[in-house]
Amino acid sequence: MDARVTVRSVAWFAAALGIGVIATLVVTSAWSADAAPGDDDATYVPWPGCRLTDTRADSQIGPRGTTLGADEVMTVEVHGDHGECTGPLAIPGDAVGLATNVTVVDATAQSNIRVYRGDLTEPPLLSNLNVTPGASPTPNKVDTQLAPDGTLNVYNFKGTVNVVIDVVGYYTSDSLKALSSQPGQVGPPGPAGAQGDRGFSAWDVIPSGVTVTGNFSYDDQHARENENGDFVRAVALPGVAPVPLTDDKVNFAADPKVSDPDADASCTGTPAAPTAPAGTVCLYLLDGENVDAVSGFADYATDQLTDRGFQVAWVGDGLNGVGADTFVYATWAYTAP
C-alpha cells in the first residue's frame, strides 16, 4: 500500500484544519453571553421555505424564464412579494441577508456561480457553486448579504445555466429580544360568532313589556332620614322608564309582618319571584326588624328623576332609639308599559 501523502494534500489539510479552528472561535464569540446584534452582525430568522427564482422556461418562477449566459449578472429582488415568496412568506423589508439553497441546472460549460449583494459593481473572486456540463442538478447552501434596496446578484462565469433559488431563512439587524416583541403572522380568520342582542343599558329606555327585577338590603346605618323622620333609600332602575313613575305606581305588596299603608293588590308575585303590572313597581318584603311601616315613592333621591328609579321608606318602631338596629330586606319588579 502506498502511504505517501503529497505536499499539496498536507497543505490543504492544514488549511482546512486552520479554517475549522477559526470558524469555531468565530461561532463561540458570536454566541457569547454579551453578544448582541449591532452594525456588523445580525440575527438569523428561520423561514418556512419558498422558491424565489427559477429561470427554467418550463417551470419559471419570478420574472426570468431564460438561462443565464456567460459573464452575465442576474439581479434578484428579495424584499416583499417575489416569486413564490409572497403573502405570509414575503421577505420583510428589514432583512439584511438571505439564507438560500441555490441549485444550478443544465450547465453547458465548466463554470462557477457567484452570489453576492446587489449593490456591488463587480462579482467577488470566490465562487459559491462549481458546475460541469452534463452534470445532474448541483445545489449548495448559500448565505449572502443584501443591498440596501433588498437585492442580490447571481453571476455565471462561462456557458449557459439555469438557476433556482429557494429561501430557507433571512438575517435581520434586530436583536432576538426585539424580534420576540414583534407580532407574528396573521392566522386565518375564525368562524363568525352568533349576533346576539346586547340588551339595553342603564342609559337606554326599557323596552315595552320587559320586566326588570332587583333587591335591596337597607338599615338605619346606611339610610338617611327625610323631613318626616322616616328612613329613606333610593333604588335605581337598570334602564330608563318609558313613562315617569308616580307615587301610586310604586307600592308594596300586602304583608302581615308590617303595617303597610300602600299595599297594592295588583302586586301578585312573591319575594322569591317578583312580578309587576305594566307601568308599576311592586315591592315584596323579605324580612324586617324593628320596622313599623314600609312604603314606596316615585321621587328618586333628590333629583326628581322619576324615570330612573324610585324610593323606599320605612319607619322604626322606636326600639332603634335605644341601640336596636332597624333593617328592611326586599325584592322588587318593574314592567315597562
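Start by selecting strand β7: Thr151, Asn153 and Tyr155 point one way from this strand, while Leu152, Val154 and Asn156 point the other way, and all are buried. Here "buried" means under 20% relative accessible area, "exposed" means over 50%, and "partly exposed" is in between, using a 1.4 Å probe and protein chains only. In a regular strand, side chains alternate between the two faces of the sheet.

Before you go on, know that this is a predicted model, in which local features need pLDDT of at least 70 and side-chain atom pairs count only at pLDDT 80 or more, while totals for chains, interfaces and linings use all residues. Residues are numbered from 1 along each chain as its sequence is written, and side-chain values use heavy atoms, with hydrogens and water left out.

**Stop 1: β7 and its partners**

Keep residues 151–156 selected; they make up β7, and six of its six residues are buried. Helices (H or I, at least four residues) and strands (E, at least two) are DSSP runs, numbered from the N terminus.

Now add β2, residues 72–77. β2 and β7 pair in the antiparallel sense over six bridges; two strands pair if DSSP finds at least two bridges between them. Which residue stands opposite Leu152 of β7? Click on Val76 to see that partner.

Next, add β4, residues 111–117. β4 also pairs with β7 in the antiparallel sense, over five bridges. Two pairs to pick out are Arg117 with Leu152 and Ile113 with Asn156.

**Stop 2: from β4 to β5**

Stay with β4 and colour its residues by accessibility. How many of its seven residues are buried? The count is six, and β4 is mostly covered. Then select β5, residues 129–131, which pairs with β4 in the antiparallel sense over three bridges. Asn112 has Asn130 of β5 as its bridge partner.

**Stop 3: two aspartates in loops**

Most residues other than glycine have a negative phi. Two aspartates are worth a click here.

Asp71 sits in the loop between β1 (43–54) and β2. Its phi is near 60 degrees, a positive value in a residue other than glycine. Is Asp71 buried or exposed? Asp71 counts as exposed because its relative accessibility is 55%.

Asp106 belongs to the loop between β3 (95–105) and β4. Its phi is positive too, at about 65 degrees, although Asp106 is not a glycine. With 46% relative accessibility, Asp106 counts as partly exposed.

**Stop 4: a cavity**

Asp106 also leads to the next stop, being one of the residues that line the largest cavity. Select the whole lining: Val104, Val105, Asp106, Ala107, Val131, Thr132, Ala135, Ser136 and Thr138. On a 1 Å grid over the protein atoms alone, a cavity is a set of points where a 1.4 Å probe fits but cannot get out, and lining residues have an atom within 4 Å of a point.

The structure holds one cavity of 30 Å³ or more, and the volume of the largest cavity is about 40 Å³. Grid points are joined across faces, edges and corners, and a volume is the space filled by probe spheres set on the points.

Try colouring the lining by class: five residues are nonpolar, three polar and one charged. Ala, Val, Leu, Ile, Met, Phe, Trp, Tyr, Cys and Pro count as nonpolar, Asp, Glu, Lys and Arg as charged, and the others, Gly among them, as polar.

**Stop 5: Ser217 and Val243**

Move along to Ser217 in strand β9, residues 211–219. Ser217 counts as partly exposed, at 48% relative accessibility. Leaving aside neighbours within four places in sequence, Ser217 is in contact (heavy atoms within 4.5 Å) with Val328 and Tyr329. Draw a line from Ser217 to Arg233: they are 16 residues apart in sequence and 9.9 Å apart from C-alpha to C-alpha.

Then find Val243, in the loop between β11 (231–236) and β12 (250–252). Val243 is partly exposed, with a relative accessible area of 44%. Which residues does Val243 touch, not counting those up to four places away in sequence? Select Tyr334 and Pro337. The C-alpha atoms of Val243 and Gly279 are separated by 7.4 Å, although the two residues are 36 apart along the chain.

**Last stop: the whole chain**

Zoom out to end the tour. The protein chain has two helices and 16 strands, and 37% of its 337 residues count as buried. Among contacts between residues at least 6 apart in sequence, 76% join residues at least 24 apart.

Technical notes:
On a 1 Å grid over the protein atoms alone, a cavity is a set of points where a 1.4 Å probe fits but cannot get out, and a pocket is an open set with protein on both sides within 12 Å along at least five of seven lines; lining residues have an atom within 4 Å of a point.
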